[in-house]
Amino acid sequence: MAECGCSPVSTESAEQRRTLTIALVLNAAMFFVETGAGVIGHSTGLIADGLDMLADASAYAIALLAIGRGARFKANAAMASGVLLLLLGCIVLLDVVRRAISGEPPEGLLMVGVAAIALAVNATVLRLLNRYRDGEVHLRATWIFTRADLIANMAVIASGIAVLLTGIRALDLIVGAGIGLYVIREATEILSDARKARRADSECTSGSTAA
């Protein structure tokens, strides 16, 4: 009997591509929305969250490139995602310092509204990626990215409400710094997973060669 030409692997790869493409488009769109709103509303939290969206979109693009490639390529893709996230966290912390020295009070209502939209988007993406939370290292990295986004969105909403109620500008800076530190922690987790995957691939390759 003839084969249909659609193997489980190719079907799974197609599903991964579809999921990652949706995630990439949504995050790229929210990068422009959040960063623009952050600049207009003078919010470090929104700008940090927007840059996090850009990093996510880049991570999804890297993961798309890794589909169908070897284990070493996937581990390197995860490593690239982790480095990107680490760099982003450092940039966010530097921006917090800059705005602490010279900056205007943020618009609390704008922060809450835009962050709520971002939260809905990231919740949708996380649900799509949930099947990959214990999957291959490059796909797990995308799930970790998105999980970090949800925490950041909720923090921005909370700080926006606090700014509305108190008018204290420092609350936005604290949340921005918190997002930066959390992003750095998530980056170290991705990098740790990537190093383990590369080590496992090297051991597998050495074992095959010896055999």
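This is a short walk through the model, stop by stop, with something to select at each one.

**Before you click**

You have a predicted model open, where local features need pLDDT of at least 70, side-chain atom pairs count only at pLDDT 80 or more, and totals for chains, interfaces and linings use all residues. Residues are numbered from 1 along each chain as its sequence is written, and side-chain values use heavy atoms, with hydrogens and water left out.

**Stop 1: the whole chain**

Show the cartoon: there are six helices and zero strands (DSSP runs numbered from the N terminus, with helices being H or I of at least four residues and strands E of at least two). The C-alpha trace spans about 70 × 40 × 20 Å along its principal axes. Of the 211 residues, 45% are buried (buried is under 20% relative accessible area, exposed is over 50%, and partly exposed is in between, with a 1.4 Å probe and protein chains only). Take the contacts between residues at least 6 apart in sequence: 82% of them join residues at least 24 apart (a contact is heavy atoms within 4.5 Å).

**Stop 2: residue 42**

Select histidine 42, in the loop between helix H1 (8-41) and helix H2 (44-66). Its phi is near 55 degrees, a positive value in a residue other than glycine. Is histidine 42 buried or partly exposed? Histidine 42 is partly exposed, at 22% relative accessible area.

**Stop 3: helix H5**

Now select residues 137-166, which are H5. This helix has 30 residues and runs 43 Å from first C-alpha to last, close to the 44 Å expected at 1.5 Å a residue (the expected span is 1.5 Å times one less than the number of residues). Step just past the end of H5 to glycine 167, where phi is positive, about 75 degrees.

**Stop 4: H5 and its partners**

Keep H5 on and add other helices in turn. Two packed helices are described by the angle between their axes and the distance between the axes. Axes here are lines fitted to C-alpha atoms, for helices over the stretch in contact, and angles run from 0 to 180 degrees between N-to-C directions. Under 35 degrees counts as roughly parallel, over 145 as roughly antiparallel, 65 to 115 as roughly perpendicular, and the rest as oblique.

- Add H4 (residues 108-129): the H4 and H5 axes come within 8 Å and cross at roughly 160 degrees, so the two are roughly antiparallel. Their contact has 19 nonpolar, seven polar and two charged residues (Ala, Val, Leu, Ile, Met, Phe, Trp, Tyr, Cys and Pro count as nonpolar, Asp, Glu, Lys and Arg as charged, and the others, Gly among them, as polar).
- Swap in H3 (residues 71-101): it packs on H5 at about 25 degrees with axes 7 Å apart, so H3 and H5 are roughly parallel. Show side chains for Lys74, Ala78 and Leu85, among those in H3 that meet H5 residues including Val137 and Phe145.
- Finish with H2: its axis is 10 Å from that of H5, at about 165 degrees, so H2 and H5 are roughly antiparallel. The residues of this contact divide into eleven nonpolar, five polar and four charged.

**Stop 5: tyrosine 132**

Zoom to the loop between H4 and H5 and pick tyrosine 132. This side chain is buried, at 3% relative accessible area. Which residues does tyrosine 132 touch, not counting those up to four places away in sequence? Select Glu12, Glu15, Gln16, Thr19, Leu139 and Arg140. For a last distance, tyrosine 132 and isoleucine 144 have C-alpha atoms separated by 9.9 Å.
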